[in-house]
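Thanks for coming, everyone. Please keep the sequence and the 3D view open while I talk. I'll go from single residues to the whole chain.

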Amino acid sequence: MADDYLVRIGKLIRDARQHRGWTQAQLAEALGTSQSAVNRIERGNQNISLEMIARIGEALDSEIVSLGYAGPMHLRVVGGRRLSGAIDVKTSKNACVALLCASLLNEGRTVLRRVARIEEVYRLLEVLGSIGVRTRWINDGVDLEIVPSAELDLAAIDADAARRTRSIIMFLGPLLHRLDHFKLPYAGGCDLGTRTVEPHMIALRRFGLDIAATEGQYHARVDRAVGPDRPIVLTERGDTVTENALLAAARHDGITVIRNASSNYMVQDLCFFLEALGVKVDGIGTTTLTVHGVPTIDVDVDYSPSEDPVEAMSLVAAAVVTESELTVRRVPIEFLEIELAVLEEMGLDHDRTPEYFADNGRTRLVDLTVRPSKLEAPIDKIHPMPFPGLNIDNVPFFAAIAAVAQGQTLIHDWVYDNRAIYLTDLNRLGGRLQLLDPHRVLVEGPTRWRAAEMMCPPALRPAVVVLLAMMAAEGTSVLRNVYVINRGYEDLAERLNSIGAQIETFRDI
(Lines give C-alpha, C1' and ligand atoms only; values in the text may rest on other atoms or scores of the structure.)
Protein backbone atom coordinates (compact mmCIF):
# COMPACT_ATOMS: atom_id res chain seq x y z
CA MET A 1 0.00 0.00 0.00
CA ALA A 2 1.46 3.39 -0.98
CA ASP A 3 2.88 5.50 1.83
CA ASP A 4 0.48 8.35 0.93
CA TYR A 5 -2.51 6.03 1.37
CA LEU A 6 -1.17 4.83 4.72
CA VAL A 7 -0.90 8.42 5.95
CA ARG A 8 -4.42 9.25 4.76
CA ILE A 9 -5.90 6.11 6.32
CA GLY A 10 -4.03 6.85 9.54
CA LYS A 11 -5.50 10.35 9.65
CA LEU A 12 -9.02 8.97 9.16
CA ILE A 13 -8.50 6.46 11.97
CA ARG A 14 -7.12 9.15 14.28
CA ASP A 15 -10.05 11.49 13.55
CA ALA A 16 -12.59 8.71 14.09
CA ARG A 17 -10.93 7.73 17.37
CA GLN A 18 -10.85 11.30 18.66
CA HIS A 19 -14.50 11.86 17.75
CA ARG A 20 -15.35 8.70 19.66
CA GLY A 21 -13.51 10.22 22.61
CA TRP A 22 -11.07 7.31 22.87
CA THR A 23 -7.36 7.36 23.66
CA GLN A 24 -4.90 5.32 21.62
CA ALA A 25 -4.67 2.94 24.58
CA GLN A 26 -8.45 2.37 24.55
CA LEU A 27 -8.43 1.60 20.84
CA ALA A 28 -5.46 -0.71 21.29
CA GLU A 29 -7.30 -2.60 24.04
CA ALA A 30 -10.39 -3.00 21.81
CA LEU A 31 -8.20 -4.38 19.01
CA GLY A 32 -6.05 -6.60 21.22
CA THR A 33 -2.87 -4.82 20.17
CA SER A 34 -0.43 -2.31 21.64
CA GLN A 35 -0.71 1.46 21.94
CA SER A 36 2.55 1.81 20.01
CA ALA A 37 1.03 -0.15 17.11
CA VAL A 38 -2.00 2.19 17.08
CA ASN A 39 0.36 5.16 17.15
CA ARG A 40 2.29 3.81 14.14
CA ILE A 41 -0.97 3.16 12.24
CA GLU A 42 -2.22 6.70 12.86
CA ARG A 43 1.11 8.20 11.70
CA GLY A 44 1.04 6.08 8.52
CA ASN A 45 4.14 4.16 9.54
CA GLN A 46 2.54 0.72 9.69
CA ASN A 47 1.33 -1.53 6.91
CA ILE A 48 -2.32 -2.30 7.58
CA SER A 49 -4.58 -4.95 6.09
CA LEU A 50 -8.17 -4.46 5.02
CA GLU A 51 -9.15 -6.88 7.78
CA MET A 52 -7.51 -4.64 10.39
CA ILE A 53 -9.16 -1.54 8.90
CA ALA A 54 -12.53 -3.31 9.14
CA ARG A 55 -11.82 -4.27 12.78
CA ILE A 56 -10.91 -0.67 13.62
CA GLY A 57 -14.07 0.57 11.90
CA GLU A 58 -16.17 -1.88 13.92
CA ALA A 59 -14.49 -0.88 17.19
CA LEU A 60 -15.07 2.83 16.51
CA ASP A 61 -18.49 2.28 14.83
CA SER A 62 -17.09 4.27 11.93
CA GLU A 63 -16.90 3.34 8.24
CA ILE A 64 -13.13 3.82 7.82
CA VAL A 65 -13.37 2.06 4.46
CA SER A 66 -16.17 0.25 2.66
CA LEU A 67 -14.95 -3.06 1.24
CA GLY A 68 -15.83 -3.16 -2.42
CA TYR A 69 -15.85 0.63 -2.65
CA ALA A 70 -13.16 3.24 -2.92
CA GLY A 71 -13.36 4.27 0.73
CA PRO A 72 -15.57 6.04 3.28
CA MET A 73 -18.17 8.45 1.96
CA HIS A 74 -17.67 12.21 2.34
CA LEU A 75 -19.69 15.28 1.39
CA ARG A 76 -18.35 18.41 -0.32
CA VAL A 77 -20.73 21.31 0.34
CA VAL A 78 -20.79 24.59 -1.57
CA GLY A 79 -22.59 26.82 0.91
CA GLY A 80 -24.32 30.17 0.87
CA ARG A 81 -27.05 29.01 -1.51
CA ARG A 82 -30.77 29.64 -0.96
CA LEU A 83 -33.18 26.72 -1.01
CA SER A 84 -36.51 26.91 -2.82
CA GLY A 85 -39.45 24.85 -3.99
CA ALA A 86 -40.98 21.93 -2.10
CA ILE A 87 -39.79 18.65 -0.61
CA ASP A 88 -41.69 15.67 0.81
CA VAL A 89 -40.92 14.17 4.22
CA LYS A 90 -39.92 10.49 4.08
CA THR A 91 -41.37 7.78 6.28
CA SER A 92 -40.18 7.55 9.86
CA LYS A 93 -36.83 5.86 10.47
CA ASN A 94 -37.74 4.96 14.03
CA ALA A 95 -41.17 3.62 13.07
CA CYS A 96 -39.69 1.51 10.26
CA VAL A 97 -37.12 -0.18 12.51
CA ALA A 98 -39.79 -0.90 15.15
CA LEU A 99 -42.06 -2.43 12.51
CA LEU A 100 -39.22 -4.60 11.18
CA CYS A 101 -38.77 -5.97 14.69
CA ALA A 102 -42.54 -6.36 15.07
CA SER A 103 -42.73 -8.42 11.87
CA LEU A 104 -41.19 -11.26 13.93
CA LEU A 105 -44.53 -11.54 15.73
CA ASN A 106 -46.33 -12.46 12.52
CA GLU A 107 -46.23 -15.92 10.98
CA GLY A 108 -47.81 -14.51 7.82
CA ARG A 109 -46.57 -12.13 5.11
CA THR A 110 -45.90 -8.51 6.08
CA VAL A 111 -45.64 -5.72 3.52
CA LEU A 112 -44.40 -2.32 4.70
CA ARG A 113 -44.97 0.58 2.31
CA ARG A 114 -42.37 3.25 1.45
CA VAL A 115 -39.79 1.95 3.92
CA ALA A 116 -36.86 4.28 4.53
CA ARG A 117 -33.84 2.91 2.64
CA ILE A 118 -31.27 3.79 5.27
CA GLU A 119 -28.31 2.04 6.85
CA GLU A 120 -30.21 1.29 10.07
CA VAL A 121 -32.85 -0.57 8.05
CA TYR A 122 -30.17 -2.38 6.01
CA ARG A 123 -28.46 -3.60 9.19
CA LEU A 124 -31.75 -5.01 10.52
CA LEU A 125 -32.46 -6.68 7.18
CA GLU A 126 -29.02 -8.31 7.34
CA VAL A 127 -29.81 -9.58 10.82
CA LEU A 128 -33.27 -10.85 9.82
CA GLY A 129 -31.87 -12.60 6.76
CA SER A 130 -29.15 -14.28 8.79
CA ILE A 131 -31.67 -15.91 11.16
CA GLY A 132 -33.94 -17.20 8.38
CA VAL A 133 -36.41 -14.39 7.64
CA ARG A 134 -36.95 -13.79 3.91
CA THR A 135 -37.07 -10.12 2.91
CA ARG A 136 -37.16 -8.48 -0.49
CA TRP A 137 -37.78 -5.04 -1.93
CA ILE A 138 -40.84 -4.95 -4.22
CA ASN A 139 -42.65 -2.39 -6.38
CA ASP A 140 -39.45 -0.96 -7.86
CA GLY A 141 -37.70 -1.00 -4.51
CA VAL A 142 -40.25 1.19 -2.75
CA ASP A 143 -41.94 -1.36 -0.48
CA LEU A 144 -40.58 -4.20 1.64
CA GLU A 145 -41.95 -7.74 1.87
CA ILE A 146 -41.13 -9.83 4.95
CA VAL A 147 -41.86 -13.57 5.21
CA PRO A 148 -40.72 -15.26 8.43
CA SER A 149 -39.34 -18.76 8.66
CA ALA A 150 -41.13 -21.40 10.69
CA GLU A 151 -37.90 -21.83 12.64
CA LEU A 152 -35.46 -19.02 13.48
CA ASP A 153 -31.74 -19.82 13.64
CA LEU A 154 -30.35 -17.40 16.21
CA ALA A 155 -27.03 -19.26 16.22
CA ALA A 156 -26.43 -17.95 12.68
CA ILE A 157 -27.12 -14.30 13.53
CA ASP A 158 -25.02 -11.69 11.74
CA ALA A 159 -23.31 -10.34 14.86
CA ASP A 160 -21.46 -7.53 13.04
CA ALA A 161 -24.70 -6.09 11.66
CA ALA A 162 -26.46 -6.53 15.01
CA ARG A 163 -23.78 -4.64 16.91
CA ARG A 164 -24.10 -1.66 14.55
CA THR A 165 -27.73 -0.99 15.47
CA ARG A 166 -29.28 -0.28 18.84
CA SER A 167 -32.61 -1.45 17.42
CA ILE A 168 -31.51 -5.07 17.87
CA ILE A 169 -32.66 -4.78 21.48
CA MET A 170 -36.26 -4.74 20.20
CA PHE A 171 -35.85 -8.35 19.08
CA LEU A 172 -36.20 -9.36 22.73
CA GLY A 173 -39.97 -8.72 22.92
CA PRO A 174 -40.93 -10.80 19.85
CA LEU A 175 -38.35 -13.57 20.34
CA LEU A 176 -39.45 -14.43 23.86
CA HIS A 177 -42.65 -15.83 22.30
CA ARG A 178 -40.77 -18.02 19.81
CA LEU A 179 -37.73 -19.37 21.64
CA ASP A 180 -37.13 -20.68 25.14
CA HIS A 181 -33.52 -19.53 25.10
CA PHE A 182 -31.41 -17.49 22.69
CA LYS A 183 -28.47 -15.09 22.44
CA LEU A 184 -28.32 -11.57 21.00
CA PRO A 185 -25.22 -9.36 20.55
CA TYR A 186 -25.01 -6.17 22.58
CA ALA A 187 -26.85 -3.23 21.05
CA GLY A 188 -24.84 -0.49 19.33
CA GLY A 189 -25.86 2.58 17.29
CA CYS A 190 -24.92 6.23 17.86
CA ASP A 191 -22.26 7.19 20.38
CA LEU A 192 -24.46 9.06 22.83
CA GLY A 193 -22.91 7.94 26.07
CA THR A 194 -24.12 5.38 28.56
CA ARG A 195 -27.66 4.23 27.79
CA THR A 196 -28.75 1.54 30.22
CA VAL A 197 -30.88 -1.35 29.02
CA GLU A 198 -32.11 -2.07 32.55
CA PRO A 199 -35.58 -0.53 31.93
CA HIS A 200 -36.03 -3.08 29.12
CA MET A 201 -35.03 -5.90 31.45
CA ILE A 202 -37.42 -4.74 34.19
CA ALA A 203 -40.38 -4.67 31.77
CA LEU A 204 -39.61 -7.95 29.99
CA ARG A 205 -38.90 -9.83 33.21
CA ARG A 206 -42.66 -9.64 33.84
CA PHE A 207 -43.11 -11.90 30.79
CA GLY A 208 -40.67 -14.50 32.10
CA LEU A 209 -37.57 -13.24 30.26
CA ASP A 210 -34.34 -13.57 32.21
CA ILE A 211 -31.21 -11.95 30.77
CA ALA A 212 -27.57 -12.54 31.62
CA ALA A 213 -25.09 -10.24 29.85
CA THR A 214 -21.68 -11.83 29.30
CA GLU A 215 -18.97 -11.86 26.63
CA GLY A 216 -20.63 -9.23 24.45
CA GLN A 217 -23.99 -11.03 24.31
CA TYR A 218 -27.36 -11.11 25.99
CA HIS A 219 -28.11 -14.67 27.09
CA ALA A 220 -31.91 -14.94 27.29
CA ARG A 221 -34.05 -17.61 28.91
CA VAL A 222 -37.85 -17.62 29.04
CA ASP A 223 -40.03 -19.07 31.81
CA ARG A 224 -43.39 -19.75 30.14
CA ALA A 225 -45.14 -19.95 33.54
CA VAL A 226 -44.50 -16.26 34.24
CA GLY A 227 -46.80 -13.49 33.01
CA PRO A 228 -47.79 -10.01 34.17
CA ASP A 229 -50.32 -10.28 36.99
CA ARG A 230 -50.60 -6.51 37.53
CA PRO A 231 -49.92 -3.39 35.43
CA ILE A 232 -46.35 -2.97 34.19
CA VAL A 233 -44.96 0.39 35.28
CA LEU A 234 -42.03 1.41 33.09
CA THR A 235 -39.19 2.96 35.08
CA GLU A 236 -38.28 5.04 32.02
CA ARG A 237 -40.78 6.60 29.61
CA GLY A 238 -38.57 5.60 26.72
CA ASP A 239 -39.65 4.88 23.16
CA THR A 240 -37.82 1.58 22.66
CA VAL A 241 -38.67 0.43 26.20
CA THR A 242 -42.37 1.00 25.49
CA GLU A 243 -42.06 -0.73 22.12
CA ASN A 244 -40.38 -3.77 23.66
CA ALA A 245 -43.14 -4.04 26.26
CA LEU A 246 -45.77 -3.76 23.51
CA LEU A 247 -44.04 -6.46 21.45
CA ALA A 248 -43.97 -8.76 24.45
CA ALA A 249 -47.60 -8.06 25.32
CA ALA A 250 -48.86 -8.55 21.74
CA ARG A 251 -48.64 -12.35 21.89
CA HIS A 252 -49.20 -12.74 25.61
CA ASP A 253 -52.54 -14.52 25.97
CA GLY A 254 -54.35 -11.99 28.12
CA ILE A 255 -54.62 -8.30 28.90
CA THR A 256 -51.48 -6.33 29.70
CA VAL A 257 -51.57 -2.78 31.07
CA ILE A 258 -48.43 -0.67 30.46
CA ARG A 259 -48.14 2.54 32.48
CA ASN A 260 -45.72 5.44 32.07
CA ALA A 261 -45.62 4.45 28.40
CA SER A 262 -44.19 6.70 25.72
CA SER A 263 -46.84 8.11 23.40
CA ASN A 264 -44.33 9.27 20.80
CA TYR A 265 -44.78 8.93 17.04
CA MET A 266 -42.98 5.60 16.55
CA VAL A 267 -44.89 4.04 19.45
CA GLN A 268 -48.19 5.13 17.93
CA ASP A 269 -47.17 3.68 14.55
CA LEU A 270 -46.31 0.38 16.25
CA CYS A 271 -49.71 0.35 17.97
CA PHE A 272 -51.46 0.94 14.65
CA PHE A 273 -49.48 -1.94 13.14
CA LEU A 274 -50.34 -4.25 16.03
CA GLU A 275 -54.00 -3.45 15.48
CA ALA A 276 -53.56 -4.46 11.82
CA LEU A 277 -52.21 -7.78 13.16
CA GLY A 278 -55.37 -8.24 15.21
CA VAL A 279 -54.04 -7.05 18.57
CA LYS A 280 -56.35 -4.53 20.22
CA VAL A 281 -54.56 -1.62 21.91
CA ASP A 282 -56.47 0.86 24.05
CA GLY A 283 -55.07 4.27 25.01
CA ILE A 284 -52.97 4.98 21.92
CA GLY A 285 -51.46 8.45 22.30
CA THR A 286 -51.61 8.32 26.12
CA THR A 287 -49.22 7.10 28.79
CA THR A 288 -51.39 4.09 29.70
CA LEU A 289 -51.68 1.37 27.07
CA THR A 290 -53.92 -1.68 27.45
CA VAL A 291 -52.93 -4.53 25.15
CA HIS A 292 -55.33 -7.38 24.40
CA GLY A 293 -52.80 -9.98 23.35
CA VAL A 294 -53.36 -12.99 21.12
CA PRO A 295 -51.17 -16.10 21.40
CA THR A 296 -50.89 -16.66 17.63
CA ILE A 297 -50.60 -14.12 14.82
CA ASP A 298 -50.75 -15.49 11.29
CA VAL A 299 -52.09 -12.85 8.92
CA ASP A 300 -51.07 -11.24 5.65
CA VAL A 301 -50.78 -7.56 6.49
CA ASP A 302 -50.10 -4.43 4.45
CA TYR A 303 -49.13 -1.33 6.43
CA SER A 304 -47.85 2.18 5.64
CA PRO A 305 -45.67 3.77 8.34
CA SER A 306 -46.21 7.49 8.78
CA GLU A 307 -43.84 10.35 8.01
CA ASP A 308 -40.84 11.26 10.14
CA PRO A 309 -41.24 14.36 12.34
CA VAL A 310 -37.50 14.53 12.98
CA GLU A 311 -36.74 14.61 9.26
CA ALA A 312 -39.44 17.28 8.93
CA MET A 313 -37.66 19.31 11.63
CA SER A 314 -34.35 18.80 9.78
CA LEU A 315 -35.84 20.32 6.63
CA VAL A 316 -37.44 23.22 8.52
CA ALA A 317 -34.06 23.90 10.15
CA ALA A 318 -32.37 23.79 6.73
CA ALA A 319 -34.71 26.53 5.50
CA VAL A 320 -34.20 28.64 8.63
CA VAL A 321 -30.40 28.37 8.69
CA THR A 322 -30.03 29.15 4.96
CA GLU A 323 -32.61 31.99 5.13
CA SER A 324 -34.76 30.32 2.48
CA GLU A 325 -38.40 30.04 1.53
CA LEU A 326 -39.24 26.35 1.40
CA THR A 327 -42.38 24.21 1.50
CA VAL A 328 -42.02 21.00 3.50
CA ARG A 329 -44.80 18.61 2.56
CA ARG A 330 -46.34 15.75 4.55
CA VAL A 331 -45.30 17.07 7.98
CA PRO A 332 -46.76 15.03 10.91
CA ILE A 333 -48.00 18.11 12.72
CA GLU A 334 -49.07 16.41 15.94
CA PHE A 335 -45.40 15.70 16.67
CA LEU A 336 -44.04 19.15 15.78
CA GLU A 337 -46.53 21.48 17.44
CA ILE A 338 -44.27 22.39 20.37
CA GLU A 339 -41.27 22.97 18.10
CA LEU A 340 -43.34 25.27 15.88
CA ALA A 341 -44.70 27.10 18.92
CA VAL A 342 -41.12 27.80 20.06
CA LEU A 343 -40.15 28.94 16.55
CA GLU A 344 -43.17 31.24 16.42
CA GLU A 345 -42.01 32.79 19.71
CA MET A 346 -38.60 33.33 18.09
CA GLY A 347 -40.24 35.11 15.14
CA LEU A 348 -40.50 32.46 12.41
CA ASP A 349 -42.67 33.46 9.46
CA HIS A 350 -44.53 30.39 8.23
CA ASP A 351 -47.95 29.05 7.33
CA ARG A 352 -49.52 25.61 7.03
CA THR A 353 -52.27 23.93 5.03
CA PRO A 354 -55.36 22.29 6.54
CA GLU A 355 -54.67 18.86 8.02
CA TYR A 356 -55.00 15.63 6.06
CA PHE A 357 -54.29 12.00 6.90
CA ALA A 358 -51.17 9.96 6.25
CA ASP A 359 -51.44 6.68 4.34
CA ASN A 360 -51.98 4.83 7.61
CA GLY A 361 -55.26 6.72 7.98
CA ARG A 362 -54.39 7.85 11.52
CA THR A 363 -51.48 10.33 11.56
CA ARG A 364 -52.35 13.98 10.82
CA LEU A 365 -50.22 15.76 8.21
CA VAL A 366 -49.86 19.34 6.92
CA ASP A 367 -47.74 21.09 4.30
CA LEU A 368 -45.59 23.76 5.94
CA THR A 369 -44.09 26.80 4.20
CA VAL A 370 -41.18 28.53 5.95
CA ARG A 371 -39.96 32.01 4.93
CA PRO A 372 -36.81 34.00 5.78
CA SER A 373 -37.29 35.52 9.23
CA LYS A 374 -35.48 37.72 11.73
CA LEU A 375 -35.27 35.45 14.76
CA GLU A 376 -34.78 36.40 18.41
CA ALA A 377 -33.43 34.03 21.05
CA PRO A 378 -36.24 32.45 23.11
CA ILE A 379 -36.74 33.66 26.66
CA ASP A 380 -36.83 30.13 28.08
CA LYS A 381 -34.22 27.43 27.59
CA ILE A 382 -34.67 24.79 24.91
CA HIS A 383 -35.06 21.36 26.48
CA PRO A 384 -36.70 18.08 25.47
CA MET A 385 -39.59 16.33 27.18
CA PRO A 386 -41.44 13.09 26.46
CA PHE A 387 -44.25 13.53 23.93
CA PRO A 388 -46.16 15.81 23.72
CA GLY A 389 -43.13 17.92 24.69
CA LEU A 390 -40.33 19.05 22.40
CA ASN A 391 -38.93 15.89 20.80
CA ILE A 392 -35.61 14.67 22.18
CA ASP A 393 -34.20 14.17 18.67
CA ASN A 394 -35.19 17.68 17.58
CA VAL A 395 -33.14 19.46 20.25
CA PRO A 396 -29.87 19.53 18.21
CA PHE A 397 -31.54 21.40 15.35
CA PHE A 398 -32.25 24.27 17.71
CA ALA A 399 -28.49 24.70 18.15
CA ALA A 400 -28.19 25.70 14.48
CA ILE A 401 -31.41 27.73 14.61
CA ALA A 402 -30.33 29.53 17.79
CA ALA A 403 -26.99 30.32 16.13
CA VAL A 404 -28.77 32.46 13.52
CA ALA A 405 -31.04 34.18 16.08
CA GLN A 406 -30.22 37.42 17.89
CA GLY A 407 -29.18 36.83 21.50
CA GLN A 408 -28.27 33.93 23.79
CA THR A 409 -30.07 30.60 23.87
CA LEU A 410 -29.54 27.95 26.52
CA ILE A 411 -29.96 24.38 25.25
CA HIS A 412 -30.31 21.70 27.92
CA ASP A 413 -29.99 18.22 26.37
CA TRP A 414 -30.49 16.26 29.59
CA VAL A 415 -31.25 12.87 28.06
CA TYR A 416 -27.89 11.90 26.51
CA ASP A 417 -24.45 12.02 28.07
CA ASN A 418 -22.45 13.18 25.04
CA ARG A 419 -24.70 14.78 22.46
CA ALA A 420 -24.41 18.37 23.69
CA ILE A 421 -20.64 18.08 23.38
CA TYR A 422 -20.93 17.25 19.67
CA LEU A 423 -22.97 20.41 19.08
CA THR A 424 -19.85 22.47 19.81
CA ASP A 425 -18.50 21.20 16.48
CA LEU A 426 -20.48 24.16 15.08
CA ASN A 427 -17.69 26.38 16.45
CA ARG A 428 -15.46 25.03 13.66
CA LEU A 429 -17.90 26.68 11.25
CA GLY A 430 -18.02 30.06 12.98
CA GLY A 431 -20.55 29.30 15.70
CA ARG A 432 -20.22 30.64 19.22
CA LEU A 433 -21.29 27.79 21.45
CA GLN A 434 -20.08 27.51 25.02
CA LEU A 435 -20.28 24.10 26.68
CA LEU A 436 -21.41 24.68 30.27
CA ASP A 437 -21.40 20.98 31.20
CA PRO A 438 -21.95 17.69 29.32
CA HIS A 439 -25.67 18.50 28.98
CA ARG A 440 -25.89 22.29 28.55
CA VAL A 441 -24.73 24.55 25.72
CA LEU A 442 -25.04 28.33 25.54
CA VAL A 443 -25.49 29.52 21.94
CA GLU A 444 -24.71 33.13 20.96
CA GLY A 445 -26.18 34.52 17.74
CA PRO A 446 -26.33 35.68 15.08
CA THR A 447 -23.55 33.72 13.39
CA ARG A 448 -21.44 34.47 10.38
CA TRP A 449 -20.87 30.94 9.18
CA ARG A 450 -17.55 30.05 7.55
CA ALA A 451 -16.53 27.01 5.51
CA ALA A 452 -14.41 24.27 7.07
CA GLU A 453 -13.26 20.69 6.57
CA MET A 454 -14.09 18.39 9.45
CA MET A 455 -14.93 14.87 10.57
CA CYS A 456 -18.58 13.93 10.93
CA PRO A 457 -19.70 13.71 14.58
CA PRO A 458 -20.49 10.09 15.55
CA ALA A 459 -24.12 10.92 16.45
CA LEU A 460 -26.87 11.21 13.85
CA ARG A 461 -28.64 14.49 14.62
CA PRO A 462 -25.51 16.56 15.49
CA ALA A 463 -24.00 15.29 12.21
CA VAL A 464 -26.95 16.66 10.24
CA VAL A 465 -26.78 19.94 12.16
CA VAL A 466 -23.16 20.34 11.04
CA LEU A 467 -24.22 19.65 7.44
CA LEU A 468 -26.94 22.34 7.65
CA ALA A 469 -24.42 24.89 8.94
CA MET A 470 -22.09 24.02 6.04
CA MET A 471 -24.99 24.71 3.66
CA ALA A 472 -25.29 28.19 5.17
CA ALA A 473 -21.54 28.95 5.13
CA GLU A 474 -20.11 30.82 2.13
CA GLY A 475 -17.43 28.78 0.39
CA THR A 476 -16.73 25.06 0.16
CA SER A 477 -16.83 22.78 3.20
CA VAL A 478 -16.03 19.06 3.49
CA LEU A 479 -17.76 16.70 5.91
CA ARG A 480 -15.83 13.45 6.18
CA ASN A 481 -17.12 9.94 6.88
CA VAL A 482 -20.90 10.46 6.80
CA TYR A 483 -21.96 6.86 7.48
CA VAL A 484 -23.82 8.02 10.58
CA ILE A 485 -26.02 10.34 8.47
CA ASN A 486 -26.82 7.48 6.12
CA ARG A 487 -27.97 5.48 9.15
CA GLY A 488 -30.97 7.77 9.52
CA TYR A 489 -31.58 9.64 6.24
CA GLU A 490 -32.28 8.34 2.76
CA ASP A 491 -30.41 10.11 -0.06
CA LEU A 492 -30.24 13.30 2.01
CA ALA A 493 -27.62 15.04 -0.14
CA GLU A 494 -29.48 14.33 -3.39
CA ARG A 495 -32.79 15.46 -1.94
CA LEU A 496 -31.28 18.70 -0.62
CA ASN A 497 -29.75 19.26 -4.05
CA SER A 498 -33.24 18.99 -5.55
CA ILE A 499 -34.26 22.14 -3.65
CA GLY A 500 -31.16 24.21 -4.40
CA ALA A 501 -28.29 22.90 -2.28
CA GLN A 502 -24.95 22.01 -3.86
CA ILE A 503 -23.62 18.89 -2.17
CA GLU A 504 -21.28 16.40 -3.82
CA THR A 505 -20.70 12.88 -2.56
CA PHE A 506 -17.15 11.57 -2.96
CA ARG A 507 -14.64 9.03 -1.70
CA ASP A 508 -10.90 9.68 -1.52
CA ILE A 509 -9.28 6.31 -0.96
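Start in the loop between helix 12, residues 309–321, and strand 14, residues 326–332: that is where E323 lies. This is a predicted model, so treat each value as computed from that prediction. What is the phi of E323? About 55°, a positive value, although E323 is not a glycine. Why point that out? Most residues other than glycine have a negative phi, and most peptide bonds are trans. Keep both halves of that rule in mind. Is E323 buried or partly exposed? E323 counts as partly exposed, because its relative accessibility is 47%, and the partly exposed class runs between 20% and 50%.

There is another case to look at. D491 is also not a glycine, and its phi is positive, near 50°. Where is D491 found? In the loop between helix 17, residues 483–488, and helix 18, residues 492–497. With a relative accessible area of 44%, D491 is partly exposed.

Now the other half of the rule, the peptide bonds. The bond from F387 to P388 is cis, with omega near 15°. P388 sits in the loop between strand 17, residues 364–371, and helix 14. A cis bond also joins G445 and P446, and there omega is about 0°. Find P446 in the loop between strand 20 and strand 21, residues 453–455.

Let's follow both of those loops to their neighbours. Helix 14 first, residues 395–403. How many of its nine residues are buried? Nine of the nine, so the helix is mostly covered. Read along and you meet V395, P396, F397, F398, A399, A400, I401, A402 and A403, and these are the buried residues.

Next, strand 20, residues 440–445. Here's the background. In a regular strand the side chains alternate between the two faces of the sheet. Now check the strand itself. Which residues form the covered face of strand 20? V441, V443 and G445 do, while R440, L442 and E444 make the uncovered one.

Strand 20 has partners too. Six bridges join strand 18, residues 407–412, to strand 20, and the two run antiparallel. Strand 19, residues 432–437, is joined to strand 20 by five bridges, again antiparallel. Pick out V441. V441 in strand 20 is the bridge partner of I411. V441 is also the bridge partner of L435. And how do you get from strand 19 to strand 20? Through a hairpin of two residues.

Move to another sheet. This one is open, has four strands in the order 9-10-12-11, and its pairing is mixed. Which strands stand at the edges? Strand 9, residues 232–233, and strand 11, residues 280–282. Each has a single partner strand, so one side of each is left without a neighbour in the sheet. Look at strand 11 and strand 12, residues 288–292: three bridges join them, and they run antiparallel. One pair to find on screen is V281 with its bridge partner V291 in strand 12.

One more residue, L172. L172 is found in helix 8, residues 172–175. Buried or exposed? Buried, with a relative accessible area of 0%. What touches L172, leaving aside neighbours within four places in sequence? F182, L184, M201, L204, L209, I211 and N244 are in contact with L172. Then there is A248. A248 is 76 residues from L172 along the chain, but their C-alpha atoms are separated by 8.0 Å.

Does that kind of long reach show up overall, or is it rare? Take contacts between residues at least 6 apart in sequence: 73% join residues at least 24 apart.

So, zoom out. The secondary structure comes to 18 helices and 23 strands. The radius of gyration is 23 Å, close to the 23 Å that the globule rule gives for 509 residues, so the protein is as compact as a globular protein of that length. Along the principal axes, the C-alpha atoms fill a box of roughly 65 × 60 × 45 Å. Buried residues make up 57% of the 509.

Last, the surface and the charges. The protein exposes about 19,700 Å², and carbon and sulfur atoms supply 46% of that. There are 54 positive and 68 negative side chains, and the centres of the two sets lie 3 Å apart.

Technical notes: Residues are numbered from 1 along each chain as its sequence is written. This is a predicted model: local features need pLDDT of at least 70, side-chain atom pairs count only at pLDDT 80 or more; totals for chains, interfaces and linings use all residues. Side-chain values use heavy atoms; hydrogens and water are left out. The radius of gyration is taken over C-alpha atoms; the globule rule is 2.2 Å times the number of residues to the power 0.38. Buried means under 20% relative accessible area, exposed over 50%, partly exposed in between (1.4 Å probe, protein chains only). Contact means heavy atoms within 4.5 Å. Accessible areas come from the Shrake-Rupley method with a 1.4 Å probe; for residues, only the protein chains shown count as cover. Lys and Arg count as positive and Asp and Glu as negative; His and the chain ends are not counted. The place of a charge is taken as NZ of Lys, CZ of Arg, CG of Asp or CD of Glu. Two strands pair if DSSP finds at least two bridges between them.
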